[in-house]
Amino acid sequence: MASALTPDRFVAPTVTATAKIVVAGAFGVGKTTFVGSVSEVPPVHMEETITRASALVDDLARTPQKSTTTVGVDFGRKHLGDDLVLYLFGTPGQARFRFLWEELLVGALGALVLVDPRDLDASHEILALLEEAEVAYAVAVNQFDGAPRYPLAEIHEALALEGHTPLSVCDARERASCMQALIQLTEYLARLEPRP
């Protein structure tokens with residue numbers, strides 16, 4: 001597949017479909033890491049150093065070593081099989097970027113929401129926005145080192161997810177588990193009725 005790509009052709013000639021997928025979630029949940037783990041091209045990150053002023057606003061309690069934050073969008077690309085390409089758009093996590101979340105959802109086929117098991121409540125705002133925007137989504141629990149490991153049924157209930165909403169566990173640093181979450185999302189999206 002890669003040998004068919006040239007500087008002016010960015011996807012394989014066998015590709016018949018592309019999809020915009022938004023990778024969303026709260027601040028510090030691992031979206032930038034996730035996009036970097038699965039992208040087959042060098043990911044584009046719009047990161048800035050966390051300043052003293054932002055440290056006063058953003059909750060760094062769970063990520064004290066975090067030194068940068070996404071202030072625009074993360075972008076990556078991933079072929080799934082020979083015929084489908086996913087374009088991945090990672091959102092910034094802070095609610096003050098809600099206007100950007102809304103813009104990134106335009107034209108998205110679906111979203112993968114990363115959640116932190118140490119703070120599930122931080123996910124409710126983005127979940128509500130996705131439902132309001134009628135964007136189908138799946139949820140993946142980013143299993144941080146030392147984080148509590150809850151049964152998926154309990155997380156499903158705690159997030160008040162619809163019964164059909166896919167829920168999985170991943171480690172944003174590990175490509176294989178991230179790919180499983182993306183495949184679960186795309187399989188779910190393929191089963192949905194087309195929008196009128």
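**Exercise 1. Establish how many helices and strands the protein has, and in what order they follow one another.**

Solution. Begin by counting the elements in this predicted model, where the protein shows six helices and eight strands. Next, read the elements from the N terminus on, which gives the order β-α-β-α-β-β-β-α-β-α-β-α-β-α. Finally, ask how the contacts are spread along the chain: among contacts in the protein with a separation of 6 or more, 73% are accounted for by residues 24 or more positions apart.

**Exercise 2. Work out what share of the residues counts as buried, and describe the accessible surface of the protein.**

Solution. The protein has 196 residues, and 48% of them count as buried, a class that requires under 20% relative accessible area. Turning to the outside, the accessible surface of the protein comes to about 10000 Å², and carbon and sulfur atoms hold 56% of that area.

**Exercise 3. Decide whether helices α1 and α6 are roughly parallel or roughly perpendicular, and list the residues through which they meet.**

Solution. First locate the helices, α1 covering residues 31-38 and α6 covering residues 175-191, and note that their axes come within 9 Å and cross at roughly 95 degrees. Then apply the cut-off, by which angles of 65 to 115 degrees count as roughly perpendicular; α1 and α6 are therefore roughly perpendicular to each other. As a last step, take the residues in contact: α1 contributes Phe-34, Ser-37 and Val-38, which meet Arg-175, Cys-178, Met-179 and Leu-182 of α6. Sorted by class, this contact of α1 with α6 comprises five nonpolar residues, one polar residue and one charged residue.

**Exercise 4. Determine whether His-156 is buried or exposed, and find which backbone oxygens lie by its side chain.**

Solution. His-156 sits in helix α5, residues 152-158. Because its relative accessible area is 17%, His-156 counts as buried, the limit for that class being under 20%. Now examine the polar atoms of the His-156 side chain: one lies 3.4 Å from the backbone oxygen of Glu-162, and the backbone oxygen of Thr-165 lies 3.1 Å from a polar atom of this side chain. Once neighbours within four places in sequence are left aside, His-156 is in contact with Leu-161, Glu-162, Gly-163, Thr-165 and Leu-167.

**Exercise 5. Place Asp-116 and Ala-108 in the chain, and assign each to buried or exposed.**

Solution. Asp-116 belongs to the loop between β6 and α4, the latter being residues 124-132, and with 4% relative accessibility Asp-116 counts as buried. A polar atom of the Asp-116 side chain lies 2.8 Å from the backbone nitrogen of Arg-118. Ala-108 is found in the loop between α3 (98-105) and β6 (110-115), where Ala-108 is buried at a relative accessible area of 7%. The C-alpha atom of Ala-108 is separated by 9.6 Å from that of Leu-88, a residue 20 residues apart along the chain.

**Exercise 6. Explain what is notable about phi at Glu-134 and Ala-160, and say whether these residues are buried or exposed.**

Solution. The background is that most residues other than glycine have a negative phi. Glu-134, which is not a glycine, has a positive phi of about 55 degrees; Ala-160, likewise a residue other than glycine, has a positive phi near 55 degrees. As to their places, Glu-134 lies in the loop between α4 and β7 (137-142), and Ala-160 lies in the loop between α5 and β8 (167-170). For accessibility, the limit for exposed is over 50%: Glu-134 counts as exposed at 62%, and Ala-160 is exposed with a relative accessible area of 60%.

Conventions. Residues are numbered from 1 along each chain as its sequence is written. This is a predicted model: local features need pLDDT of at least 70, side-chain atom pairs count only at pLDDT 80 or more; totals for chains, interfaces and linings use all residues. Side-chain values use heavy atoms; hydrogens and water are left out. Axes are lines fitted to C-alpha atoms, for helices over the stretch in contact, and angles run from 0 to 180 degrees between N-to-C directions. Helices (H or I, at least four residues) and strands (E, at least two) are DSSP runs, numbered from the N terminus. Angles under 35 degrees count as roughly parallel, over 145 as roughly antiparallel, 65 to 115 as roughly perpendicular and the rest as oblique. Contact means heavy atoms within 4.5 Å. Ala, Val, Leu, Ile, Met, Phe, Trp, Tyr, Cys and Pro count as nonpolar, Asp, Glu, Lys and Arg as charged, and the others, Gly among them, as polar. Buried means under 20% relative accessible area, exposed over 50%, partly exposed in between (1.4 Å probe, protein chains only). Accessible areas come from the Shrake-Rupley method with a 1.4 Å probe; for residues, only the protein chains shown count as cover. A polar contact is a pair of N or O atoms within 3.5 Å; within protein, one must be able to donate a hydrogen and the other to accept it, and residues adjacent in sequence count only if both atoms are side-chain atoms.
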